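Hi,

Here is the structure I said I'd pass on. Have a look at it first, then read my notes underneath.

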Amino acid sequence: MSDQNNIHSMLKIVVNSNCTCSLNRVKVSQSAADLKQFCLQNAPQDPLLKGVPTSVNPFKTRSGCLLL
């Protein structure tokens, strides 16, 4: 039984190695430049940077009770 478990674990390692080898690798500097470009392109539409208009803000403070 131990030999079968060993073969199974080795097979998992081989499959994992094949998956890892097939990945396209990108330099960190290139990834950082791409991320910076993406952030700068989408900054005008980002509500965290631009803010949310009060007319569509669901979390704005409500006025007092209108029934009184």
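Below is what came out of it, starting with confidence and ending with a single residue.

First off, this is a predicted model. The protein chain has an average pLDDT of 86, and 91% of its residues reach at least 70. Broken down by element, helix α2 (residues 28-42) has the highest confidence, at a mean of 96, while helix α3 (residues 47-50) sits lowest, at 84.

The fold is quick to describe. There are three helices and zero strands in the protein chain, so to speak an α-α-α pattern when you read along the sequence.

Now for the overall dimensions. The radius of gyration of the protein chain is 27 Å, whereas a compact globule of 68 residues would come out near 11 Å. Along the principal axes, the C-alpha atoms fill a box of roughly 80 × 40 × 10 Å.

What about burial? Out of the 68 residues in the protein chain, 0% count as buried. The chain exposes about 6,900 Å², and 63% of that is supplied by carbon and sulfur atoms.

One residue to click on is Q45, which you'll find in the loop between α2 and α3. Is Q45 buried or exposed? Its relative accessibility is 55%, so Q45 counts as exposed, the cut-off for that being over 50%. If you want a distance to check in your viewer, try Q45 to N18: they are 27 residues apart along the chain, and their C-alpha atoms are separated by 40 Å.

Cheers

Methods. Residues are numbered from 1 along each chain as its sequence is written. This is a predicted model: local features need pLDDT of at least 70, side-chain atom pairs count only at pLDDT 80 or more; totals for chains, interfaces and linings use all residues. Side-chain values use heavy atoms; hydrogens and water are left out. pLDDT is the predictor's confidence in each residue, from 0 to 100. Helices (H or I, at least four residues) and strands (E, at least two) are DSSP runs, numbered from the N terminus. Buried means under 20% relative accessible area, exposed over 50%, partly exposed in between (1.4 Å probe, protein chains only). The radius of gyration is taken over C-alpha atoms; the globule rule is 2.2 Å times the number of residues to the power 0.38. Accessible areas come from the Shrake-Rupley method with a 1.4 Å probe; for residues, only the protein chains shown count as cover.
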